[in-house]
Amino acid sequence: MLKKSLLNFLILPFSLISSLSGQILLNSSTQALPGESTEEVTTWIQGHPTLRPRSGEKLFVSKNDTAAQRFTFQASVLAPGKVTFTKDRSTIHTERLSIYDGVNGVTVGRLQESLRVIYGLDIYQDYNRAPVVYYYPNQSAINQARLAKTPIREALKGELRVGDRYAYWIEIAKPRDGKALTGQITVFLKSDLDKLEAELRTR
C-alpha cells in the first residue's frame, strides 16, 4: 500500500504532508534540476528517497494509490507547454510534478508543499520569493469562457513566477462549484519563459 511508504505522501491528504516532510527533507538533497544532463537527472531520480521509481522508470515516475489518487513526476528535454522540436536531447528543460486526488482534492498549498519535499528548501525559497509575472484567468477570460460555455477554460487557474534560479508554473483545475481534483507545478529554465507565457496568453 502506498500509505505505508514515504514516497507516496504526495497523494495523501494535505494535513499529513507536514508531519512527513521534515523527515523526508533530512534524507533529500537537490542534485539534479533543469539545465543538467538527462544522465544526471536520471541518477538523481533513481536515488531520490521520495520518488523511488519502479524498475524501468527513468525520467517518468507514476504512483497510484487507487483509481482516485495519482502522483506523477516527469523530467523532459522539451520546454514546457506545446511540444516543439529541439536539437538538444541531452539537457533537461522541464521537471513537472502532478497530483490527481478525487478524494481530498488538490490545492495550491499542497502543490507548494510537494515542491518543498521533492526539491528541498533552496528551491522552495527560490519559488516563494519569485514574483508572479502572469496569472490567469482574468475576469475577461472568465466571462468569455462562460459565454462560450467552456467550463474547462474557466476552471484552469494558474500563474508563472520567475525566481533567481528557475521559472515556475503552477496550475490547478478548479470548477466554479467544487474543489480542484488535479494540479501541477513545473520547474523550468528561465530561457523558456517567453514561449510558455505567450502560449498561455493565447490558449
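This report walks through the aromatic contacts and two backbone oddities of a predicted model.

## Aromatic pairs

The count of aromatic pairs here comes to 4. One of them joins Tyr127 and Tyr168 in an edge-to-face arrangement, with ring centres 5.4 Å apart and 80° between the planes. This contact bridges distant parts of the chain: Tyr127 belongs to helix 4 (residues 121–129) and Tyr168 to strand 6 (residues 167–173), 41 residues apart. Both tyrosines, Tyr127 and Tyr168, are buried.

Next up are Tyr134 and Tyr136. Their planes sit at 25°, under the 30 degrees cut-off, so this pair counts as stacked; the centre-to-centre distance is 5.8 Å. Tyr134 and Tyr136 are both buried as well. Elsewhere, ring pairs tie Trp44, Phe73 and Tyr119 together into a cluster.

## A charge over a ring

Tyr127 has another partner to look at. The charged end of Arg161 sits over the Tyr127 ring, 4.3 Å from the ring centre.

## Backbone oddities

Most peptide bonds are trans, and most residues other than glycine have a negative phi. Two spots in this model go the other way.

The first concerns Tyr136 again: the peptide bond from Tyr136 to Pro137 is cis, with omega near -5°. Pro137 itself lies in the loop between strand 4 (132–136) and helix 5 (139–147).

The second is Arg52, which isn't a glycine yet has a positive phi of about 40°. You'll find Arg52 in the loop between helix 2 (38–47) and strand 1 (60–66). Buried or exposed, where does Arg52 fall? With a relative accessible area of 43%, Arg52 is partly exposed.

Key: Residues numbered from 1 in each chain as written. Predicted model: local features only at pLDDT ≥ 70, side-chain atom pairs only at ≥ 80, totals over all residues. Heavy atoms only, no water. Phe/Tyr/Trp six-rings, centres within 6.5 Å; stacked < 30°, edge-to-face > 60°. Helix = DSSP H or I, 4+ residues; strand = E, 2+ residues; numbered from the N terminus. Buried < 20%, exposed > 50% of the residue type's maximum accessible area, 1.4 Å probe, protein only. Lys NZ or Arg CZ within 6 Å of the ring centre and 35° of its normal.
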